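Welcome! Here are some short exercises to help you find your way around a structure you have not met before. Try each task yourself, then read the worked solution.

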Amino acid sequence: MLNFLPSSLLGVIAGFLLVVNVLVWTSILFVLAILKFLLPLTQLHRGFNWIIHRIAENWITCNSGWMRLTQKTRWDVQGLEGLNYHGWYMVISNHQSWVDIFVMQHLLNRRIPLLKFFLKKELIWVPIMGLAWWAMDFPFLHRHGTEYLKKHPEQKGKDFETMRRACEKFGYSPTSVMNFLEGTRFTEVKHDQKKGEYKFLLRPKSGGLALALDVLGDKFNSLLDITIVYPDGIPTFWEFLCGKVKRITVRMKTMEIPKQFLHGDYEGDPAFRDAMHKWVQKLWQEKDLHIESLLTKAGAK
C-alpha cells in the first residue's frame with residue numbers, strides 16, 4: 001500500500017494509474033467499436049456488445065486495483081447480498097461527487113450487469129471518454145429546460161423520444177440502468193437555491209425513471225436503491241485521488257417495482273405523473289432520513 005506517501009504525491013500516482021488504465025482499455029474498446037459500426041448486423045452487434053462489456057468490467061477491476069493500492073478507506077457497506085449478475089436492474093442513488101461513480105462501480109462490478117448512465121449530450125465531446133461511453137452504448141440525452149421549451153414548444157416531447165430510443169437499446173441483454181434522480185450533484189449552494197424540503201438531497205426528477213420503466217418495465221427484476229454517505233464530508237475528486245476519503249458508508253436496498261408504474265404514460269397522463277411523483281418523493285423522504293441517521297451513527301464531522 002502506498003498511503004504512507006504525502007497526499008499530493010499519492011494523488012499524482014493515483015491520477016497517473018487512472019489515466020494509464022483509461023488509455024489501455026479505451027484503445028481496445030475503440031477497435032471493437034469501429035468494427036461494430038462497420039458491420040451493422042444485429043447478431044454481430046450482440047457479440048461485440050458482450051465483448052465490450054467484458055472489457056469495461058476489466059477496466060473497472062483495474063480501477064479497483066489502483067484504489068486499493070493508493071487508498072486506505074474504511075468501507076461500511078450493506079445490501080450486496082442476493083444481487084444477480086444475470087438480472088435486470090433499475091438503479092437509483094443520491095449524487096454528491098464524481099467519486100460516487102467509482103464507489104458504485106467498485107462495489108457492483110460483476111455483481112450486477114454493467115451500469116449504464118444517462119449522460120448529457122455535451123459529454124460525448126469529452127476527450128477519449130466520450131468515445132468510450134459511446135462505444136459502451138451509454139445514452140446521450142439533450143435535455144431542454146423549461147424556459148427553452150416555452151420559447152420552442154415544438155421541441156416538447158423530443159427529449160422523451162430520445163430517451164425512449166436509448167432505453168430500447170438496453171432490451172437485448174441484461175442491463176443495469178443507472179439514474180441519478182436529482183439530475184445533478186448535491187452542493188450546499190444548489191440546495192439553498194432550490195430551497196427543497198430535503199436536508200441532504202435535492203428534489204428528485206421522476207421523468208427519466210418513468211420512461212425507463214415504461215420501455216423496459218417487464219424486464220426489470222428489481223429497483224436497486226443506493227444511498228452513499230461520506231461521514232467526513234463530501235470529497236472532491238482530487239481529494240479522493242490523494243487518499244483523503246477515509247470513510248465511505250453505502251446502503252443498498254433491493255425492492256420490487258410497483259406494477260402500476262410499469263408502462264405508464266408520464267407525458268400524457270396527469271394522474272400517472274402525479275402518482276409517480278408521489279412515489280419518488282416518498283423514496284427520497286426515506287433516503288433523506290436514512291442519510292441523517294447514518295451520519296449521526298458515524299459521528300460525522
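The exercises below work on a predicted model, starting with the whole protein and then turning to one strand and one helix.

**Exercise 1. Overall build**

Task: Count the helices and strands in the protein, and check whether its radius of gyration agrees with that of a compact globule.

Solution:
- Start with the count: the protein has ten helices and eight strands.
- Next, take the chain length: with 301 residues, a compact globule would have a radius of gyration near 19 Å.
- Now compare: the protein has 20 Å, which agrees.
- For the extent along the principal axes, the C-alpha trace spans about 60 × 50 × 40 Å.
- Finally, look at burial and contacts: 49% of the 301 residues are buried. Of the contacts between residues at least 6 apart in sequence, 75% join residues at least 24 apart.

**Exercise 2. Strand β6 and its partners**

Task: Work out which way the side chains of strand β6 (residues 176-179) point, and which strands are joined to β6 by bridges.

Solution:
- Begin with the general pattern: in a regular strand, side chains alternate between the two faces of the sheet.
- Apply it here: Ser-176 and Met-178 point one way from β6, while Val-177 and Asn-179 point the other way.
- Check burial on both faces: all of these residues are buried.
- Find one partner: strand β2 (residues 89-93) runs parallel to β6, joined by four bridges. Within this pairing, Met-90 has Val-177 as its bridge partner.
- Find another: strand β3 (residues 115-117) also runs parallel to β6, with three bridges. Here Phe-117 is matched with Met-178.

**Exercise 3. Helix α10**

Task: Test the length of helix α10 (residues 270-298), then describe its buried residues and its two ends.

Solution:
- Work out the span: at 1.5 Å a residue, the 29 residues of α10 should cover 42 Å. The end C-alpha atoms are 42 Å apart, so the length agrees.
- Recall the helix rule: an α-helix has 3.6 residues a turn, so residues three or four places apart point the same way.
- List some buried residues: among them are Phe-272, Met-276, Trp-279, Val-280, Leu-283, Trp-284 and Lys-287.
- See what they meet: the buried residues of α10 pack against β2, α8 (207-216), β7 (222-229) and β8 (247-255).
- Look at the start: a side-chain oxygen of Asp-269 comes within 3.1 Å of the backbone nitrogen of Ala-271.
- Look just past the end: Gly-299 adopts a positive phi of about 65°.

Key. Residues are numbered from 1 along each chain as its sequence is written. This is a predicted model: local features need pLDDT of at least 70, side-chain atom pairs count only at pLDDT 80 or more; totals for chains, interfaces and linings use all residues. Side-chain values use heavy atoms; hydrogens and water are left out. Buried means under 20% relative accessible area, exposed over 50%, partly exposed in between (1.4 Å probe, protein chains only). Two strands pair if DSSP finds at least two bridges between them. The expected span of a helix is 1.5 Å times one less than its number of residues. Contact means heavy atoms within 4.5 Å. A polar contact is a pair of N or O atoms within 3.5 Å; within protein, one must be able to donate a hydrogen and the other to accept it, and residues adjacent in sequence count only if both atoms are side-chain atoms. The radius of gyration is taken over C-alpha atoms; the globule rule is 2.2 Å times the number of residues to the power 0.38.
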